[in-house]
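Biologist: Please take a close look with me at one end of this chain, and then walk me onward through the rest. I'm new to this, so keep it plain.

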Amino acid sequence: MSGRMDVAVHGAAGGPAAVLAYSGPPPWRWSDLAGSWTAEPLVLVLSVLLGAWYLAAVRTVRRNGGGRWQPTRTAAFLGGLLLWVWCTCSGLGVYERILFTDRAVQVVLLLMVVPLLLALGAPVSLLVSAAPAARRERVLRALRSRPSKVLMFPAVSTALLMAPPWLLYLTPWYEWSVSSGLGNAVLHLVLVLLGLAYFWPRLQLDPVGHEYPHLVGLFITFAEVIFDAGLGIVLIYGGHLVAGHYYVALGRPWGPSPAQDQTWGGNAFWVLGDLVGLPFLAALVRRMVVQGREENRAVDAELDARFEAAAARARAAGRPEEEETGMRPWWLDDPDLRHRYGG
């Protein structure tokens, strides 16, 4: 746990006229990201329970003959839980209610990185694979329900990612999150849930209630970059001090002024928000490539089956197999391409 300090800030004449008592952690240092720790009970409990369930479900799938669960998915899900704990319990959590910049970095990680890693773990697919048949059908039925389809509609799920930062910084929600322990805990949970509601249907690793082309996800990502930039500009140049009364009342005697802190935080939100979108783009492009290969294999298998069936009918009728029109690939008869494919 980090140490705490009490400081009295006196007026210009040395008297106690303008005394602001500071009771908080000492001046921030880079080493605090790994050396200072606090406890966030809600996140710790949820992370332990979710991690234990995930590992138990993986063992269940393996024991029931469901095949070997991909280690990369397990690593992604557990990594997301560890990052969630680090964001709220490390030095980032120690200073989250002291520095605007610290909170800005935390918001980006909780809304965009932690949910992305959890979604890459395909927890719903694991739940379906490990569940008994009756429960599996209930889960799939819930995913096909109308509320699920509405929630996963591109416009709805996108709004669940783009709107929260604007609402957080431009409504009393932000001040509640830094001035109240309950508000702080709620923020840690709500941001991750909203991010999951976005990344789950975007990646489509898990069963979803509404499927659509991955290209739509790319366009949505570019729109999200624009919204992040817009909010960053508002925080930097908007002239409005977010939770100004709270930060002034802290009486923090070290570090940047509240206005300078918000400028740094706006830049951090803008730049980091754009950078963390790159792993999602990479995951989305990889998913598009993998899905394209799967579709090509399925089409090839279907064409091969149809060709074999047509060839069998030709043999049974005593005709040459090539006479079965419409089944022989056209490139085998093209004079310029035939030699490449053994035609």
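Modeller: Let's start with residues 1–19, where pLDDT (the predictor's confidence in each residue, from 0 to 100) stays under 50. The model still has 35 contacts for this stretch beyond four places in sequence, a contact being heavy atoms within 4.5 Å. Where pLDDT is low, the predicted coordinates should not be read in detail. In the chain, confidence is lowest in strand S1, residues 5–9, with a mean of 40. At the other end of the scale is helix H3, residues 71–89, where confidence is highest, at 96.

A word on the ground rules. This is a predicted model, in which local features need pLDDT of at least 70 and side-chain atom pairs count only at pLDDT 80 or more, while totals for chains, interfaces and linings use all residues. Residues are numbered from 1 along each chain as its sequence is written, and side-chain values use heavy atoms, with hydrogens and water left out.

Now the whole chain. Its mean pLDDT is 81, and 80% of its residues reach 70 or more. You'll find 15 helices and two strands; these are DSSP runs (helices H or I, at least four residues; strands E, at least two), numbered from the N terminus. Of the 343 residues, 42% count as buried, where buried means under 20% relative accessible area, exposed over 50% and partly exposed in between, with a 1.4 Å probe and protein chains only. Take the contacts with a separation of 6 or more: 71% of them join residues 24 or more positions apart.

From H3, let's move to its partner, helix H5 (residues 100–120). The two pack at an angle of about 160°, with their axes 7 Å apart. Here the axes are lines fitted to C-alpha atoms, for helices over the stretch in contact, and angles run from 0 to 180 degrees between N-to-C directions. That is why H3 and H5 are roughly antiparallel to each other. The cut-offs are under 35 degrees for roughly parallel, over 145 for roughly antiparallel, 65 to 115 for roughly perpendicular, and oblique for the rest. Their crossing is left-handed, a label used if the near helix is turned anticlockwise from the far one by less than a right angle, with right-handed if clockwise. Residues in this contact include Trp 84 and Trp 86 of H3 and Leu 109, Leu 110 and Val 113 of H5. By class, the contact has 14 nonpolar, four polar and one charged residues. Ala, Val, Leu, Ile, Met, Phe, Trp, Tyr, Cys and Pro count as nonpolar, Asp, Glu, Lys and Arg as charged, and the others, Gly among them, as polar.

H5 has another partner too: helix H14 (residues 258–275), packed at an angle of about 20° with the axes 7 Å apart. H5 and H14 are therefore roughly parallel to each other, and their crossing is right-handed. Among the residues in contact are Phe 100 and Met 112 of H5, with Trp 264 and Phe 269 of H14. This contact counts ten nonpolar, five polar and one charged residues.

Just past H5, look for Ala 122, in the loop between H5 and helix H6 (123–130). Its phi is near 50°, a positive value in a residue other than glycine. Most residues other than glycine have a negative phi. Ala 122 counts as buried because its relative accessibility is 0%. Ala 243, in the loop between helix H12 (214–237) and helix H13 (244–250), also isn't a glycine and has a positive phi, of about 55°. With a relative accessible area of 10%, Ala 243 is buried.

Next, Val 58 in helix H2 (residues 41–63). Val 58 is buried at 7% relative accessible area, and it touches Trp 69, Thr 74 and Leu 126, leaving aside residues up to four places away in sequence. Val 58 and Trp 69 are eleven residues apart in sequence, yet 6.4 Å apart in space, C-alpha to C-alpha.

Last stop: Arg 286 in helix H15 (residues 277–316). At 60% relative accessibility, Arg 286 counts as exposed. Arg 286 and Leu 203 are 83 residues apart in sequence but 9.9 Å apart in space, C-alpha to C-alpha.
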